[in-house]
Amino acid sequence: MNNDELFKIQSNTLNPRIGDILLSEPFMNDYYFRRSAILIIDHNDEGSLGVIINKRLSIPFNEIVQGFPKFDADVYLGGPVETDRLFFIHTIGEMIPDSTKIISGLYWSGNVNALKAMIKNDLIKPHEVRFFVGYAGWDGGQLRNELKANTWIAGHFSTKQILQTIPGKMWSDFTKEMGKRYSLWSKFPVNPSDN
């Protein structure tokens, strides 16, 4: 078995894990999920939770988030659930108490007051943290059913790929990484009637 075959087996799974990326099928016409890449934060028999990682908002951080020191970080549209709440991922691990490891080098949430203090004291840089308004959620078994229906494909990507891929290119770049069958997805027009 060559490396490409091994990658395909590991990538196209109906049993996603925490830290996997969900990529929407190319013709999904939902405001939130059209050509989205979603990082799975939690996944168990009761349901799944993730954040859309490729839909950066154009509004500056301090215009969206009140009560934080001035900070030049990006904010993303995380999903349609609890859009009045802010969530974050980061690379500084246990420096923020109560953080949860997602994959090697990438963590979810943590103590917000500790994060504020780190921002105030210039102990964290904007590229080390990413903020999200809202999240995406699935009831128990719902995500697996959507994967079976090819609404999503799930793959595993590194922290470096997640944080350093240009958000606007992430969906197409990641689908190309999923092997020949899915690399064609990036060639489909966003609006099929344009073809």
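Let us start at Asp-98, which counts as exposed because its relative accessibility is 64%. This residue sits in the loop that runs between S5 and strand S6 (100-103). Its backbone deserves a look too: the phi of Asp-98 is near 70°, a positive value in a residue other than glycine. Keep in mind as you explore that this is a predicted model.

Asp-98 has a counterpart in backbone geometry. Asn-150 is not a glycine either, yet its phi is positive, at about 65°. You will find Asn-150 in the loop between helix H4 (142-148) and strand S9 (152-155). With a relative accessibility of 37%, Asn-150 counts as partly exposed.

Now turn to the strands towards the start of the chain. Strand S1 (residues 21-24) and strand S2 (residues 37-44) run antiparallel and are joined by 3 bridges. To find your place in this pairing, look for Leu-23, which stands opposite Ala-37 in S2. S2 also pairs with S3, again in the antiparallel sense, over 6 bridges. Here His-43 has Ser-48 in S3 as its bridge partner. The connection from S2 to S3 is a hairpin through 2 residues.

Moving on from S3, we come to Ile-59, in the loop between strand S3 (47-52) and helix H2 (61-64). Is Ile-59 buried, partly exposed or exposed? Its relative accessibility is 40%, so Ile-59 counts as partly exposed. If you would like a distance to check on screen, the C-alpha atoms of Ile-59 and Thr-83 are separated by 15 Å, with their positions 24 residues apart along the chain.

Ile-59 also leads us to a pocket. It is one of the residues lining the second largest pocket, along with others including Leu-57, Pro-60, Phe-61, Lys-70 and Asp-74. That pocket has a volume of about 150 Å³, and its lining comprises 7 nonpolar, 2 polar and 3 charged residues.

What is the volume of the largest pocket? It comes to about 190 Å³. There are 17 lining residues, and those closest to the pocket centre are Asp-74, Pro-126, His-127, Val-129 and Arg-130. By class, the lining divides into 8 nonpolar, 4 polar and 5 charged residues. S5 and S8 each contribute at least two residues to it.

Those two strands bring us to the aromatic side chains. The whole structure holds 16 aromatic pairs. One of them is formed by Phe-87 and Tyr-135, an edge-to-face pair with 5.5 Å from centre to centre and 85° between the planes. This pair links distant parts of the chain, since Phe-87 belongs to strand S5 (residues 81-90) and Tyr-135 to strand S8 (residues 129-139), 48 residues apart. Both Phe-87 and Tyr-135 are buried. Tyr-182 and Trp-185 make another pair: their ring centres are 5.1 Å apart and their planes are at 85°, so this pair is edge-to-face as well. Tyr-182 is buried, and Trp-185 is buried too.

Two further aromatic features round off the tour. Tyr-31, Tyr-32, Phe-33, Trp-138 and Trp-152 come together in one aromatic cluster. At Phe-68, the ring has a charged neighbour: Lys-116 lies over its face, 5.2 Å from the ring centre.

Definitions and conventions
Residues numbered from 1 in each chain as written. Predicted model: local features only at pLDDT ≥ 70, side-chain atom pairs only at ≥ 80, totals over all residues. Heavy atoms only, no water. Helix = DSSP H or I, 4+ residues; strand = E, 2+ residues; numbered from the N terminus. Buried < 20%, exposed > 50% of the residue type's maximum accessible area, 1.4 Å probe, protein only. Pairing = 2+ DSSP bridges. Phe/Tyr/Trp six-rings, centres within 6.5 Å; stacked < 30°, edge-to-face > 60°. Lys NZ or Arg CZ within 6 Å of the ring centre and 35° of its normal. 1 Å grid on protein atoms, 1.4 Å probe; cavity = no way out; pocket = protein on both sides within 12 Å on 5 of 7 lines; lining within 4 Å. Points joined across faces, edges and corners; volume = space filled by probe spheres on them. Nonpolar A, V, L, I, M, F, W, Y, C, P; charged D, E, K, R; others polar.
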